[in-house]
Amino acid sequence: MADSKPDRDAAYALKTPEDSVALYREWAKTYDQDFAKANDYRNPQLIAEQFAKRCDVDMPVLDVGAGTGLVGEALTAHGLAPIDALDISHEMLVVADSKGCYRNIIQGDLTGQVDIPDSSYGGVISVGTFTHGHVGSEAIDELLRLARSGALFALGINAEVYKANGFAAKFASLKGRIDGFEIFETCGYGKQAEARLQQTRSSVALFRKR
Ligand SMILES: C[S@@+](CC[C@H](N)C(=O)[O-])C[C@H]1O[C@@H](n2cnc3c(N)ncnc32)[C@H](O)[C@@H]1O
């Protein structure tokens, strides 16, 4: 891993799951303050809100790449429960667990198969994990395996990697396996963030497993 301090630039430069484990081990204790609060990071709330609006499904929900639990907190504020947290980083999950909004905390690497039975979830949400240096579109097959028929998905994907790293092609290839596909764009950082962060866009894919 790059020997830089943990921040968004270092996160975008990651290359392997082991890099993620090392970076987020260092970042876990300060992420909520020096990243989320300092940059007015809004995607957890924005994407959870859209998920909650459409959520008529059987629980539980899986929060994929849950990190320190910002999405779990946002879903809980909308009255959704139970929620499980999945992440590769033990240290990020320790912080998520301390928020008290998750039923289960599950450590797993989404670039391979995770230790969760088929058809376990009525909803799947992810924020900040399908991005530069993190998890690619190949993980979507594994998420579909974990979801029940009719499960609601809301996957936030960095807009730069959406086309460049094969997400658009991946969704096109899922014809017949998903229904109601729609996409909307968010600006995940508010006015307190530095200008280049304010320009970051996420493509949020909403759909249901057939
Ligand atoms: C930018 S954080 C986003 C955390 C949270 N969802 C949020 O929006 O604040 C990205 C998360 O993805 C996790 N991650 C990175 N690679 C992963 C992998 N291969 N499998 C599972 N989680 C991974 C990291 O550990 C980290 O917690």
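So, Gly-79: just after helix α5, this glycine takes a positive phi of about 85°. Keep in mind that we're looking at a predicted model here.

Let's step back into the helix itself. α5 covers residues 70–77, and its buried residues are Leu-70, Val-71, Gly-72, Ala-74 and Leu-75. What do the buried residues of α5 pack against? Quite a list: the helices α3, at 31–37, and α4, at 43–54, plus the strands β1, at 61–64, β2, at 83–87, and β4.

Hang on to β4, since that strand takes us to my next stop. β4 runs 121–130, α7 runs 139–146, and in the loop between them sits Ser-137. Is Ser-137 buried or exposed? Well, we call a residue buried under 20% relative accessible area, and Ser-137 comes in at 11%, so it counts as buried.

Who does Ser-137 touch? Leaving out residues up to four places away in sequence, the contacts are Asn-165, Gly-166, Phe-167 and Lys-170. You can also look across to Thr-111: that residue is 26 residues from Ser-137 along the chain, and the two C-alpha atoms are 9.3 Å apart.

Okay, last topic, the pockets. The largest one has a volume of about 690 Å³. It's lined by 46 residues, and the ones closest to its centre are Tyr-24, Val-127, Gly-128, Thr-129 and His-134. And what's the lining made of, by class? For the largest pocket, that's 22 nonpolar, 19 polar and 5 charged residues.

That's my tour, thanks everyone.

Conventions: Residues numbered from 1 in each chain as written. Predicted model: local features only at pLDDT ≥ 70, side-chain atom pairs only at ≥ 80, totals over all residues. Heavy atoms only, no water. 1 Å grid on protein atoms, 1.4 Å probe; cavity = no way out; pocket = protein on both sides within 12 Å on 5 of 7 lines; lining within 4 Å. Points joined across faces, edges and corners; volume = space filled by probe spheres on them. Nonpolar A, V, L, I, M, F, W, Y, C, P; charged D, E, K, R; others polar. Helix = DSSP H or I, 4+ residues; strand = E, 2+ residues; numbered from the N terminus. Buried < 20%, exposed > 50% of the residue type's maximum accessible area, 1.4 Å probe, protein only. Contact = heavy atoms within 4.5 Å.
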